[in-house]
Structures are given as C-alpha cells and as structure tokens.
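Q: Before we turn to the charged and nonpolar side chains on the surface, could you show me the model and take me through how such features are read?

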Amino acid sequence: MSRHLAAFDQLSAAERIRLLQDLWDEIAADPEGVPVTDAQRLELDRRLQDHRANPDASVEWAEVKPRLLSR
C-alpha cells in the first residue's frame, strides 16, 4: 500500500482530485458493495420515517445550494 501512496504523492493536486473522483464514481456505481453499519441503517430509517411524517419540512437542494455557496 505504501508504494501506491508514494505514487499518489507524486501527483499534482488536480490529478489527485481527479483520481479520487474516478475512484468514488467507481464505488458509487455499485452501491450494494458499500457496507452500511447497523447504526447507519437505523439512522437512515429514522430520517426516512421523519421525512414521510413531515415531507414539507424538507428543503430542495436547488434552494439550499445557493445559500451555502453565498457564505
């Protein structure tokens, strides 16, 4: 593994970001392959239940994103 990290260190910041994006895209292509702990599953279930009980409490990403970017 350290051999791979040494090669990683030789990349520019932009190349590192691109590599990480590519790795993430590959992982995200198979969501079933990403383990979820019992605690995470419980939290996801809780959030889904909250959303179903009160869907109007949610805010669309299109509304949130500009507010975050303006900070």
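A: Let us begin with a definition: a residue is called exposed when its relative accessible area is over 50%, buried when that area is under 20%, and partly exposed in between. Please keep in mind throughout that this is a predicted model.

Q: With those classes in hand, is Arg47 buried or exposed?

A: Arg47 has a relative accessible area of 52%, and because the class begins over 50%, Arg47 counts as exposed. Glu43, by contrast, is partly exposed, since its relative accessible area is 27%.

Q: Which contact do the side chains of Glu43 and Arg47 make?

A: Side chains of opposite charge can pair when their charged atoms come close. In this structure Glu43 and Arg47 meet in a salt bridge, with 2.8 Å from N to O, which satisfies the cut-off of within 4 Å for a side-chain nitrogen and a carboxyl oxygen.

Q: Where do Glu43 and Arg47 lie with respect to one another along the chain?

A: They are four residues apart in helix 3, which covers residues 38-53, so that about one helical turn separates Glu43 from Arg47.

Q: Which residue forms a salt bridge with Arg46?

A: Arg46 pairs with Asp50, and the closest N and O atoms of the two are 2.6 Å apart. Both residues lie in helix 3, again four residues apart, or about one turn of the helix. Arg46 is partly exposed with a relative accessible area of 39%, and Asp50 is likewise partly exposed, at 41%.

Q: Which residues are linked in a network of salt bridges?

A: The network links Glu43, Arg46, Arg47 and Asp50, so the two pairs just described should be read as parts of one linked set.

Q: How many salt bridges does the count come to?

A: The count comes to six salt bridges. One of them joins the side chains of Arg67 and Glu63, at 3.9 Å from N to O, a value that still falls within the 4 Å cut-off. Arg67 and Glu63 are four residues apart in helix 4 (residues 61-69), and are therefore separated by about one helical turn. Arg67 is partly exposed at 47% relative accessible area, and Glu63 is also partly exposed at 47%.

Q: Turning from charge to nonpolar side chains, which residues form a nonpolar patch on the surface?

A: The patch is formed by Leu19, Leu20 and Leu23, which together have about 250 Å² of accessible area. Leu20 lies in helix 2, residues 13-28, and its relative accessibility of 47% is why Leu20 counts as partly exposed.

Notes:
Residues numbered from 1 in each chain as written. Predicted model: local features only at pLDDT ≥ 70, side-chain atom pairs only at ≥ 80, totals over all residues. Heavy atoms only, no water. Patch = residues over 30% accessible without salt bridge, like charges linked within 9 Å, V, L, I, M, F, W, Y side chains within 5 Å. Areas by Shrake-Rupley, 256 points an atom, 1.4 Å probe, with all protein chains shown as cover. Helix = DSSP H or I, 4+ residues; strand = E, 2+ residues; numbered from the N terminus. Buried < 20%, exposed > 50% of the residue type's maximum accessible area, 1.4 Å probe, protein only.
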